[in-house]
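Reader: Got a minute to walk me through a model I'm looking at?
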Amino acid sequence: GDWSSDVCSSDLEDVHLIVTLQRANLESAVQPRFECDPAGRCIWVNEALCALFGQSVNTMVDTDGNGWLRSIEEANDVFHDWADAVKNKTPYQREYTVRNQKTGKSVKCRAVAIPMFGKDGVTVRVWNGSVNPVGV
């Protein structure tokens, strides 16, 4: 191809490699991580979050994207706070109690999620978040 098509192809390959490496880093992270779609439905979780919640990826990211709520003791309040953050496109931070679905053990955690905006600065493309035990 000509010079411009070679550069564009190379740039796209570089972007793909960067995205692939970032995803691999998130998958293997010891920090429990998640992503949600613009409507706030959970679309991805890593193994660390599954272990903390005592759920499989499939149950955490079920058909409505709210399977993770099964592990939250304050599920109703947490859901409403999350829905408000999503509606207002504002960062989310909340402490809540996670009850591991396999062990039954409860642990106080802090969840943080931030909206990642598109080029227009208004449209949320994805929510990136983490859940970490508090005082452990």
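Author: Sure, let's talk about the sheet and then strand 1.

Author: This is a predicted model, where local features need pLDDT of at least 70 and side-chain atom pairs count only at pLDDT 80 or more, while totals for chains, interfaces and linings use all residues. Residues are numbered from 1 along each chain as its sequence is written, and side-chain values use heavy atoms, with hydrogens and water left out.

Reader: OK, in what order do the strands sit in the sheet?
Author: The order is 2-1-5-4-3, an open sheet of 5 strands with antiparallel pairing. Strands are DSSP runs (E, at least two residues), numbered from the N terminus, and two of them pair if DSSP finds at least two bridges between them.

Reader: Which strands stand at the edges?
Author: Strand 2 (42-45) and strand 3 (92-99); each has a single partner strand, so one side of each lacks a neighbour in the sheet.

Reader: Now strand 1. How many bridges join it to strand 5?
Author: 4 bridges link strand 1 (residues 33-36) with strand 5 (residues 124-133), and the two run antiparallel. Arg 33 has Ser 130 as its bridge partner there, and Glu 35 has Asn 128.

Reader: And what about strand 2?
Author: Strand 1 is joined to strand 2 by 3 bridges, again antiparallel. Phe 34 is partnered with Val 45. The two strands form a hairpin with 5 residues between them, and Gly 40 in the turn has a positive phi of about 90 degrees.

Reader: Are the strand 1 residues buried or exposed?
Author: All are buried (under 20% relative accessible area, 1.4 Å probe, protein chains only). Arg 33 and Glu 35 point one way, Phe 34 and Cys 36 the other.

Notes. Buried means under 20% relative accessible area, exposed over 50%, partly exposed in between (1.4 Å probe, protein chains only).
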